[in-house]
Amino acid sequence: MMRVSQRKGGWVAAIVFAVIGFVLVNALASRVTGVRLDLTQDRLYTLSEGSENILGSLSVPVTIDLYYSRELGNEIPQYATFAARVQDMLREFEAASRGQLTVNLLNPEPFSEIEDAAVENGLQGVPLDDSGDVVYFGLTVQADGSEDIASVPFFQTDRETFLEYDLTKLVWQVTNPEQPVVGVISSKPVFGNPLAAMRGDAPDPWFALVQAQDFFDLRYVTSAETLVEANPDILLIIHPGEMDEMFLYSIDQFLLRGGRAMVFLDPWNETFVAASTAAAGITGGMTERSDLASLLDRWGVSLLDNAVIGDREMARVVNAGRGTEVIATPYSPWVVVKPGAMNLEDAIMAPIQELLMPSPGALEIAEGSGLTLTPLIITTDQAMAIDPEELRVPDPMRLNENYAPGGIGQVLAARLSGEVESNFVDGAPQPVLEPGKAPPEPIAFGPHLARSEAPMNMIVVTDADMLEDPYWTNIQNFFGQRVAVPVLDNGTFLVNALENLNGSSDLLSLRARRTGQRSFEVIDALRFEAEEQFRAQQQSLTRQLDEVQAELAGLQSPNGGGVEDPDAAMESITKELLETRRNLREVNRNLRQDIEDLETNLRFLNIGLIPILVTLFAIGLGIYRTRQRNAAAR
């Protein structure tokens with residue numbers, strides 16, 4: 001009887017036992033800190049080396065209080081799952097801290113002392129219904145002996161894949177209260193725009209700068225006097241406006257003393273162009289172009305003259321259609337930078353996955369310059385220099401028609417190092433004396449340096465627009481709280497570079513953890529190939545459509561366009577218009593078909609094939625073991 005049971009149902013029992021064993025192993029593993037198999041490509045669920053270094057080197061005890069209302073998870077299961085993820089991560093933190101970090105899990109019930117503590121520490125209560133009760137899901141971090149408290153007011157599910165970054169950042173903040181000073185020089189409204197506030201717009205600072213403020217003491221520098229007062233460790237120059245000789249001299253001397261700087265220049269300031277063509281016309285002192293020529297040109301470094309760099313192979317795909325029409329086409333001046341275009345041997349670039357540089361320039365270095373230029377970002381040899389005036393009224397289709405590859409890669413960002421001579425041979429310039437006023441107090445620059453006393457360390461990027469919020473992050477409002485969800489690494493690139501210039505590296509690997517939104521490289525390549533194939537036909541049909549519409553508009557004029565039989569002509573042109581539109585739709589449909597087919601196949605491979613193979617393997621294993629047992633029984 002037993003043999004019959006084994007022969008007929010043994011393989012079914014094997015599958016059942018395999019499933020039960022799988023569930024038990026996972027249940028046990030979930031209760032043991034640090035036991036997990038992380039098969040994600042970017043190891044999203046494993047602490048980074050930077051986090052382990054920071055947590056393992058804590059010199060003072062740190063306490064984390066997690067406030068989580070269980071009612072929130074009961075009503076919204078998504079938050080219950082996220083809360084479990086947060087608790088699991090905090091257990092990892094405890095294990096990595098070697099006893100220096102303690103986590104308290106608190107349930108802030110209404111009118112309890114725990115709720116009072118949550119409110120006092122700045123956590124945000126969110127209503128679930130109309131009862132007036134609120135729920136909490138945030139935490140506080142405090143170092144022993146310090147009154148400073150860092151917090152997450154309310155966890156956002158959109159930032160789940162940034163969880164390790166957010167938590168480790170808070171631990172780092174409370175244990176490193178002394179922040180390096182970064183002097184910020186910019187003609188752009190990087191700290192918010194008071195003029196926008198006067199018009200009723202929100203004068204929010206750029207999120208790239210908000211992110212940097214978590215790690216640096218940012219101080220706005222507008223003159224030589226304020227630069228000396230700020231006494232910065234690093235200069236951050238973003239699209240500088242006009243500067244007087246004294247201001248330029250202070251920067252010159254800062255760099256010659258071994259000062260470190262990150263400079264974002266721009267051959268085509270898209271914000272300025274948009275503002276200058278708007279009704280308000282407020283540009284806030286910005287200019288179309290910035291090159292810091294007064295300093296860099298004399299050291300043999302410059303931007304390619306009167307040129308924006310486009311690269312069709314690295315271009316962002318945009319919609320060139322009109323109205324509801326969709327025509328996907330690459331816009332070559334918006335350069336998407338992926339690892340293949342980066343110097344991955346440099347610590348700044350190694351963790352970066354994707355950047356967007358809208359209308360960048362190109363760096364050149366003259367022979368005999370005292371500086372060494374090490375590229376960080378370089379285009380393909382299909383790059384092209386574009387006259388900035390062609391971007392005043394952008395036309396992606398026209399740019400593609402006239403595209404002519406230059407045959408060489410262009411440097412979009414680079415590290416400059418070495419020793420140079422001062423641009424001010426005769427020392428500090430004389431202050432400008434205003435009639436009727438006393439001479440200004442002399443500025444304490446220190447002894448004049450005619451040549452570098454320490455090697456310069458500078459990073460120069462040829463685009464400043466890339467730091468503005470719309471180009472790399474989504475900003476949302478959550479009950480009055482400004483929440484940013486980065487979709488590209490532009491902000492990470494800035495903070496990584498500042499950390500590197502400051503000589504710190506532990507946060508680099510942490511900060512660049514992936515968002516979980518990965519691009520489909522095979523699909524992108526197929527899309528580009530398909531667009532190349534159909535673009536000429538697309539452009540021809542679009543021009544034909546414009547001509548037909550112009551003829552139709554003429555026939556609809558009072559004199560009927562001078563045609564003897566306007567009605568018959570209109571009927572003919574209307575048929576031609578409909579036929580042209582049908583052909584254009586057909587071209588676009590052909591353009592998408594291969595991509596959709598590939599996406600379907602990839603979904604099957606990623607979602608369906610693996611479970612099917614595992615099931616077939618389990619069935620085969622069950623049949624094999626049953627036959628082995630039957631053979632042994634005989």
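1. T140 is buried, at 5% relative accessibility. The model is a predicted one, and this residue is a convenient place to start reading it. T140 sits in strand β5, which covers residues 137-143. Its C-alpha atom lies 6.7 Å from that of L66, although 74 residues separate T140 and L66 in sequence. Beyond the residues up to four places away in sequence, T140 touches T63, I64, D65, Y67, N121, L123, I149, A150 and S151.

2. The strand around T140 has a similar setting. Six of the seven residues of β5 are buried, so the strand is largely enclosed by the rest of the structure. β5 pairs with strand β1 (residues 62-68) in the antiparallel sense, over seven bridges. In the pairing of β5, F137 has Y68 opposite. β5 also pairs with β6, again antiparallel, over four bridges. There, V141 stands opposite A150 of β6. Five residues lie between the strands in the hairpin of β5 and β6, and G145 in that hairpin has a positive phi near 85°.

3. Aromatic pairs come next. The count of such pairs is 14. In one of them, F82 and F155 meet edge-to-face, with 5.9 Å from centre to centre and 75° between the planes. F82 belongs to helix α4 (residues 77-96) and F155 to the loop between β6 (149-152) and α6 (163-175), so the pair ties together parts that are 73 residues apart in sequence. Both F82 and F155 are buried. Ring pairs join these two with Y68, Y79, F137 and F154 in a cluster. Two members of that cluster, Y68 and F137, are the residues that stand opposite each other in the pairing of β5.

4. What is the geometry of the F191 and Y220 pair? The ring centres of F191 and Y220 are 5.5 Å apart and the planes are at 65°, so this pair is edge-to-face. The pair links distant parts of the chain, with F191 in the loop between β7 (181-186) and α7 (194-198) and Y220 in strand β8 (residues 217-220), 29 residues apart. F191 is partly exposed, at 29% relative accessibility. Y220 is partly exposed as well, with a relative accessible area of 45%. By contrast, F82 and F155 are both buried.

5. Which residues have the most contacts inside the largest nonpolar core? They are M262, F264 and F493, in a core of 55 residues. Helix α14 (residues 490-502) gives the most to this core, with six residues. Leaving out residues up to four places away in sequence, F493 touches M262, F264, I348, M349, I352, L355, V461 and M466. A second core, separate from this one, has 38 residues, including A230, F247, L256 and V420.

6. V483 is placed in strand β22, which covers residues 481-486. V483 is buried, with a relative accessible area of 5%. Its C-alpha atom is 9.2 Å from that of D158, and the two residues are 325 residues apart along the chain. The contacts of V483, apart from its neighbours within four places in sequence, are Q156, R159, N474, I475, Q476 and F478.

7. N400 is a polar residue to check by eye. It lies in helix α13 (residues 396-401). Its relative accessible area is 7%, so N400 counts as buried under the 20% limit. The side chain of N400 makes a polar contact of 2.8 Å with the side chain of T329.

8. Two residues other than glycine have positive phi values and may be looked at in turn. For L292, phi is near 50°. L292 lies in the loop between α11 (270-277) and α12 (293-296), and is buried at 9% relative accessibility. For S359, phi is about 55°. S359 lies in the loop between β15 (355-358) and β16 (363-365), and is buried with a relative accessible area of 0%.

Terms used:
Residues numbered from 1 in each chain as written. Predicted model: local features only at pLDDT ≥ 70, side-chain atom pairs only at ≥ 80, totals over all residues. Heavy atoms only, no water. Buried < 20%, exposed > 50% of the residue type's maximum accessible area, 1.4 Å probe, protein only. Contact = heavy atoms within 4.5 Å. Phe/Tyr/Trp six-rings, centres within 6.5 Å; stacked < 30°, edge-to-face > 60°. Polar contact = N/O pair within 3.5 Å; in protein donor to acceptor, adjacent residues only side chain to side chain. Core = buried A, V, L, I, M, F, W, Y, C linked by side-chain atoms within 4.5 Å. Pairing = 2+ DSSP bridges.
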